[in-house]
Amino acid sequence: MQTTTTRALAAAAALTIGLTLAGCSTTNGSRSDTSSSQSSSSAASHNDQDVLFTQQMLPHHQQAIEMSDVLLAKGSGVKADVVTLAKQIEIEQDPEIKTMTGWLTAWNEPTQMPSTSGMDHSSTSGMMSDSAMQDLQNASPRDAGKLYLEQMIQHHTSAIDMAKTEVTKGKNADTVALAKSIVKSQTEQIAQMQDMLASK
């Protein structure tokens, strides 16, 4: 009797352990599948256009801030409305630089396009050339305001062209949303700058 009871208990224990292990295996398998699915979803959430747009727009924004810094460093000789615009551009574009850097990091993509490394700024779409940047640096406070507006109109125009391409061909929802925002805000600023130039 004891032998039969012992065998029955042993069989029950083995069945319990087997079911428990099976349950763990199923749970772990589900988690693995979910993790794999999430990873695939993340990889599929952007395309080459999103990467290209972000890699081009990042230095473009950085240069706009550099241009604004050069202008603001000239002090009180620059007209107040141009100073206000330069500060606005910095306030708008600095957070976007951080956002775009974060996207490229999450996508495991370099923040700088390999083809532009060590090359003149103008080699990247819409960037001011080194000589144009030097002209702004050398301009007197009085002349710098006008030159800044002229250069920034050109700079914004190229950014809008890049952003429109992203809206049409991009896949990542956040990146496309940023592109639409750039088209809207910089189109408005171009109109503002053209009015400012006409009044000078």
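Which residues in H3 meet Gly 145, Tyr 148, Leu 149, Met 152 and His 156 in H5? The answer comes after a short survey of the whole chain.

The structure shown above is a predicted model, and its confidence score deserves attention at the outset. The average pLDDT of the protein is 82, and 72% of the residues score at least 70. Two stretches, however, have low scores. Over residues 1-42 the pLDDT stays under 50, and the model gives these residues zero contacts beyond four places in sequence. The pLDDT is also below 50 over residues 116-123, although this stretch has twelve contacts in the model beyond near neighbours in sequence. Where pLDDT is low, the predicted coordinates should not be read in detail.

The secondary structure of the protein consists of six helices and zero strands. Read from the N terminus, the order of elements is therefore written α-α-α-α-α-α, with helices given by DSSP runs. Of the 200 residues, 36% count as buried. Among the contacts with a separation of 6 or more, 79% join residues that are 24 or more positions apart.

The opening question concerns two of these helices. Helix H3 covers residues 80-106, and helix H5 covers residues 141-169. Their axes lie 10 Å apart, and the helices pack at an angle of about 35°. The crossing in which H3 passes H5 is left-handed. On the H3 side, the residues that meet those of H5 are Val 82, Leu 85, Ala 86, Ile 89 and Gln 93. Sorted by character, the residues of this contact comprise seven nonpolar, three polar and no charged.

Helix H5 also carries two histidines that can be examined in turn. His 155 lies in H5 and has a relative accessible area of 1%; this value is under 20%, so His 155 counts as buried. Setting aside residues up to four places away in sequence, His 155 touches His 60, Gln 63, Ala 64, Met 67, Gly 126 and Met 128.

His 156 is likewise placed in helix H5. With a relative accessible area of 1%, His 156 is buried. Its contacts, leaving aside neighbours within four places in sequence, are with Ile 89, Gln 93, Gln 186, Gln 189, Ile 190 and Met 193. Ile 89 and Gln 93 were named above as residues of H3 that take part in the meeting with H5. His 156 also illustrates how positions separated along the chain can be compared in space: Ser 185 is 29 residues away in sequence, and the C-alpha to C-alpha distance between the two is 9.7 Å.

Attention may now turn to the tryptophans. The structure holds one aromatic pair. Trp 103 and Trp 107 form this pair, with ring centres 6.3 Å apart and an angle of 15° between the planes. Planes under 30 degrees apart count as stacked, and the pair is therefore described as stacked. Both Trp 103 and Trp 107 are buried.

How exposed or buried is Asn 108? This residue has a relative accessibility of 70%, which is over 50%, so Asn 108 counts as exposed. Asn 108 is located in the loop between H3 and helix H4, the latter spanning residues 130-138. Its phi is near 60°, a positive value in a residue other than glycine.

Key
Residues are numbered from 1 along each chain as its sequence is written. This is a predicted model: local features need pLDDT of at least 70, side-chain atom pairs count only at pLDDT 80 or more; totals for chains, interfaces and linings use all residues. Side-chain values use heavy atoms; hydrogens and water are left out. Helices (H or I, at least four residues) and strands (E, at least two) are DSSP runs, numbered from the N terminus. Buried means under 20% relative accessible area, exposed over 50%, partly exposed in between (1.4 Å probe, protein chains only). Contact means heavy atoms within 4.5 Å. pLDDT is the predictor's confidence in each residue, from 0 to 100. Rings of Phe, Tyr and Trp (its six-membered ring) pair if their centres lie within 6.5 Å; planes under 30 degrees apart count as stacked, over 60 as edge-to-face and the rest as tilted. Axes are lines fitted to C-alpha atoms, for helices over the stretch in contact, and angles run from 0 to 180 degrees between N-to-C directions. A crossing is left-handed if the near helix is turned anticlockwise from the far one by less than a right angle, and right-handed if clockwise. Ala, Val, Leu, Ile, Met, Phe, Trp, Tyr, Cys and Pro count as nonpolar, Asp, Glu, Lys and Arg as charged, and the others, Gly among them, as polar.
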